[in-house]
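Dear colleague,

I am passing on to you the structure we talked about, together with the sequence, and below it I have set down what was found. Please read the notes with the structure open beside them.

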Amino acid sequence: MKKIIIANWKMQLSLKESLELAKQADKKIDGKKNRVVLCPDFSALPFVGSAIKSGALELGAQNSAMDARGAYTGEVSPVNLKALGVKFVILGHSERREYLHENSGIINLKIKAALKQGLVPVVCVGEKLTVKKSGETEAYLSRELGHTLKGVKIKKASDLIIAYEPIWAISTNKNARPMSAADADAIHGFIAATAARILKNPVSVLYGGSVNIVNAGEFLSQKNIGGLLVGGASLKIKDFSHICSL
Ligand code: PGA
């Protein structure tokens, strides 16, 4: 089965830059080795959607609302994302948990709302450095997965993806460094087993956090790692197209 590589552009690009990057990605990435998904910000979705013509790239969003319709000022409905050609939606990213105070209850509702529209939630989990240092990583992840996925029902394994992103490894955090591929593989095995118990389906678990052209191959070769969620390195077309070809 192909692994999946998701570009998280965060809020790093202007509309013009998003369109330019999407055009280059469309030209350079053939999607033969891995499935590749671009996640621009909301405003760039229609432009990026129309720039990816080759059929090798798919469209994702970085968030979506906890309901299909209603009085939720500033939110974006999963119905409208679907109408724009979006297939995947990143939910529960640590930056949203930290800056927007999203908790597992909200993320849980968002997952259910996205699934209802046939979007594939990419559910992010990951521990802070303090949790890692106290040796509580597995206990934390197990609790977090339990809360976030509570009552979530999927029909098949490909309906939902988990992204494991240790917060201390995300490139924009202080002193960030990637996890070793072997350590990541072990934790991915744990997450996959925990999620499979809850969801009654063996979903893919992606790794994210300071992925770059040097370490991407090693992560992708691990058996429990189903792909990558790439931030910083997805903004450089040379690096990202190389990662997608591994
Ligand atoms: P990074 O970001 O690859 O720049 O560490 C990953 C993410 O936050 O999704």
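I begin with helix α7, in which Thr137, Tyr140, Leu141, Glu144, Leu145 and Thr148 are buried. Seen down the axis of α7, these buried residues fall within an arc of 125 degrees, so they line one face of the helix. The general background is that an α-helix has 3.6 residues a turn, so residues three or four places apart point the same way. Please bear in mind throughout that this is a predicted model. Helix α7 covers residues 137-148, twelve in number, and from its first C-alpha to its last it reaches 16 Å, which is close to the 16 Å expected at 1.5 Å a residue. As for what its buried residues pack against, the partners are α4, α5, β5 (120-125), α6 (129-133), β6 (161-164) and α8 (181-199).

Helix α1 can be read in a similar way. It consists of 14 residues, 15-28, which at 1.5 Å a residue should span 20 Å, and its end C-alpha atoms are indeed 20 Å apart, so the two values agree. Within α1, the residues Ser18, Leu21, Ala22, Ala25 and Asp26 are buried. Because they cover an arc of only 135 degrees around the axis, they sit on the same side of α1. The face turned away from that buried side carries the exposed residues Lys16, Lys27 and Lys28, while the cover over the buried residues includes β2 (34-39), α2 (45-51), β3 (57-61) and α10 (237-244).

The model also holds a ligand, and you may wish to look at its surroundings next. Around the ligand are Asn8, Lys10, His93, Glu165, Ile170, Ser171, Gly209, Ser210, Leu229, Val230, Gly231 and Gly232. In three of these residues, a side-chain N or O atom can be paired with an oxygen atom of the ligand: the distance is 3.3 Å for Asn8, 2.6 Å for Lys10 and 2.7 Å for Glu165. Taken alone, the ligand exposes 280 Å², and the protein buries 99% of that area.

Ser210, one of the residues around the ligand, deserves a second look for its backbone. Its phi is near 60 degrees, a positive value in a residue other than glycine, and Ser210 lies in the loop between β7 (204-208) and α9 (216-220). His101 also has a positive phi, near 55 degrees, and is likewise a residue other than glycine; its place is the loop between α4 (94-99) and α5 (104-116). By way of background, most residues other than glycine have a negative phi. Are these two residues buried or exposed? Ser210 counts as buried because its relative accessibility is 16%, which is under the 20% limit for that class, whereas His101 is exposed, with a relative accessible area of 62%.

Finally, there is Leu228, which is placed in strand β8 (residues 227-230) and counts as buried because its relative accessibility is 0%. If its neighbours within four places in sequence are left aside, Leu228 is in contact with Ile4, Ile5, Ile6, Leu206, Tyr207, Val211, Ala216, Phe219, Leu220 and Ile243. For a sense of distance, Leu228 and Tyr99 are 129 residues apart along the chain, and their C-alpha atoms are separated by 23 Å.

With kind regards

Key:
Residues are numbered from 1 along each chain as its sequence is written. This is a predicted model: local features need pLDDT of at least 70, side-chain atom pairs count only at pLDDT 80 or more; totals for chains, interfaces and linings use all residues. Side-chain values use heavy atoms; hydrogens and water are left out. Helices (H or I, at least four residues) and strands (E, at least two) are DSSP runs, numbered from the N terminus. The expected span of a helix is 1.5 Å times one less than its number of residues. Buried means under 20% relative accessible area, exposed over 50%, partly exposed in between (1.4 Å probe, protein chains only). The arc is that of the directions from the helix axis to the C-beta atoms. Contact means heavy atoms within 4.5 Å. A residue is near a molecule or strand if one of its heavy atoms lies within 4 Å of it. A polar contact is a pair of N or O atoms within 3.5 Å; within protein, one must be able to donate a hydrogen and the other to accept it, and residues adjacent in sequence count only if both atoms are side-chain atoms. Accessible areas come from the Shrake-Rupley method with a 1.4 Å probe; for residues, only the protein chains shown count as cover.
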